[in-house]
Structure formats: structure tokens, C-alpha cells
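Here are my notes for someone opening this structure fresh. Have a look at it before reading on.

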Amino acid sequence: MIEWFCWAQVVVAVVAGVFCLLMGFIGRLPDDFTLGATLLVEVLLIAQLIVAIVAPFLGNDPSGSILEFYVYLISAVLLPPAAVFWALIERNRWSTVILGVACLAIAVMVYRMYQIWTLQVA
């Protein structure tokens, strides 16, 4: 796992999450901006998945449980599509809030993945 990329993901997910929460709390329905912010978080997660697959072959092995890491990663990859699906099916202000909560949850999950990859000793 690349440290600067991890922190970039956390920052983008927090900004997207706060943005979606604010838009939801002021009553905005899911739109291109909120769905686009969630899509950006998803694209970064797909890139993280690719990095996580390639990194051990380049000598960057995880120090914690690889199974736990991939469970977090796959769960995080599945979260934005589920939130977007919900937002498109049930278009109300709370759907926008759900997008924000999903992005904030992903920020926490990415930080936990960083801990598993670098700080734990198996």
C-alpha cells in the first residue's frame, strides 16, 4: 500500500462525504455533483485494489492479515455502487445523505486498511 495514495484517498473520501452530507441536509436530491464525488471515491478504490494486487510482487508485503485487508478492500469497493444504486432508486434528500455516509465510511475503511498493511505485525 502506498502511503501518500492512502492519505489522498482518505482526504478525497472525507471531502466527498462532507459535501454529500451538506447537500443532503440542505435538501438537495442526488445530482451529478454528489454522484460524481462518490464515483471519484470508487475510482480511487479500484486503483487501490490494483495497487494492493501488484505491491506484494514488488516487495511491499503487508505486515498484518492479508485476508482482513482484502475483506476491507472488497467491502469498500462494493459500498459506493450500493449507495449510488440506492440514490438512483429512491431519489430524495436522504439518498444524498446516504452517499455522504458511504464516503465517510470508506475514509475510515481506507485508514484501517493502511493500519493493517503497515502497522500490524502478523
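The points below go through one helix, the cores and one threonine.

1. Before anything else: this is a predicted model, where local features need pLDDT of at least 70 and side-chain atom pairs count only at pLDDT 80 or more, while totals for chains, interfaces and linings use all residues. Numbering starts from 1 along each chain as its sequence is written, and side-chain values use heavy atoms, with hydrogens and water left out.

2. Start with helix H2, residues 32-54 (helices are DSSP runs of H or I, at least four residues, numbered from the N terminus). Its 23 residues should span 33 Å at 1.5 Å a residue, and its end C-alpha atoms are 32 Å apart, which agrees (the expected span is 1.5 Å times one less than the number of residues). At the N-terminal end, Asp-31 acts as the cap, with a side-chain oxygen 3.2 Å from the backbone nitrogen of Phe-33.

3. The buried residues of H2 (under 20% relative accessible area, 1.4 Å probe, protein chains only) include Val-41, Leu-45 and Leu-49. They pack against H1, H3 and H4.

4. Now the largest nonpolar core (buried Ala, Val, Leu, Ile, Met, Phe, Trp, Tyr and Cys joined through side-chain atoms within 4.5 Å). It has 24 residues, and Val-41, Leu-45 and Leu-73 are among those touching the most other members. H4 gives the largest share, nine residues. Apart from this core lies another, of six residues, including Cys-20 and Leu-99.

5. Finally, Thr-96 sits in H4, residues 93-118. It counts as buried because its relative accessibility is 0%. Beyond four places in sequence, Thr-96 touches residues including Cys-20, Arg-28 and Thr-34 (contact means heavy atoms within 4.5 Å).

Technical notes: Helix = DSSP H or I, 4+ residues; strand = E, 2+ residues; numbered from the N terminus. Buried < 20%, exposed > 50% of the residue type's maximum accessible area, 1.4 Å probe, protein only. Polar contact = N/O pair within 3.5 Å; in protein donor to acceptor, adjacent residues only side chain to side chain.
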